[in-house]
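Welcome! Here are some short exercises, each with a worked solution. Take a look at the structure first, then follow the steps.

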Amino acid sequence: MASEETNIRNTAVIAASKVGARLFRNQVGAGWVCPPTRTKKYTKNGKRYVLLEDPRWLEYGFPVGSGDDQGFLPVVITQDMVGHKFARYVNAEAKTDKGRPGKGQAEWHEFVWSNGGLSGFYRSDADMLRILAGERLDP
């Protein structure tokens, strides 16, 4: 069953797409990896195990604190560029009514905003659309 935050995110991303934004789920994580040829699988006492030979640590995704959704909002700009578009970076973080951003999330939000991107914390479709309209939604 989906969490409340997942439901908020799913409907808000659909709302964002209706105004032209292209947002993608930002999966962030880390773990030990190695080639399949250097793994050994076995079962002991009814439990399954995988032994990794000479593993390395792998971190993936945007930096710690980056929002749930990353992407861009096409915007037509200046008279000399009429008809041309550029992609404006979008960082959007879903939160429940009780949800509060972590320190890293607040710092990433400030970084994106201060560099000309759109960034905010949303609790509804309406909040997402306010972010895409250029309103700063702080935590």
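**Exercise 1.** Of the six residues of strand β4 (residues 47-52), how many are buried, and does the strand lie largely in the open or not?

*Solution.* Before counting, a word on the source: this is a predicted model, in which local features need pLDDT of at least 70, side-chain atom pairs count only at pLDDT 80 or more, and totals for chains, interfaces and linings use all residues. Residues are numbered from 1 along each chain as its sequence is written, and side-chain values use heavy atoms, with hydrogens and water left out.

Step 1: recall that buried means under 20% relative accessible area, exposed over 50%, and partly exposed in between (1.4 Å probe, protein chains only). Strands are DSSP runs of E with at least two residues and helices are runs of H or I with at least four, numbered from the N terminus.

Step 2: the number of buried residues in β4 is zero, so the strand lies largely in the open.

**Exercise 2.** Which strand pairs with β4, and in what sense?

*Solution.* Step 1: two strands pair if DSSP finds at least two bridges between them. Step 2: β4 pairs with strand β3 (residues 39-44) over six bridges, in the antiparallel sense. One facing pair is T39 and L52 of β4. Step 3: look at the turn. β3 and β4 make a hairpin with two residues between them, and N45 in that turn has a positive phi of about 55°.

**Exercise 3.** Find the order of the strands in the open sheet of four strands.

*Solution.* Step 1: the order is β1-β6-β7-β8, with mixed pairing. Step 2: β1 (22-25) and β8 (118-122) are at the edges with a single partner strand each, so one side of each has no neighbour in the sheet. Step 3: check one pair. β1 runs antiparallel to strand β6 (residues 69-76), joined by four bridges, and L23 has G71 of β6 as its bridge partner.

**Exercise 4.** Place Y89 in the model: is it buried or partly exposed?

*Solution.* Step 1: Y89 sits in strand β7 (residues 85-94). Step 2: its relative accessibility is 27%, so Y89 counts as partly exposed. Step 3: list its contacts, meaning heavy atoms within 4.5 Å. Neighbours within four places in sequence aside, Y89 touches F62, Q70, G71, W108, V112, G117 and L118. Step 4: compare sequence with space. Y89 and F24 are 65 residues apart in sequence, and their C-alpha atoms are 12 Å apart.
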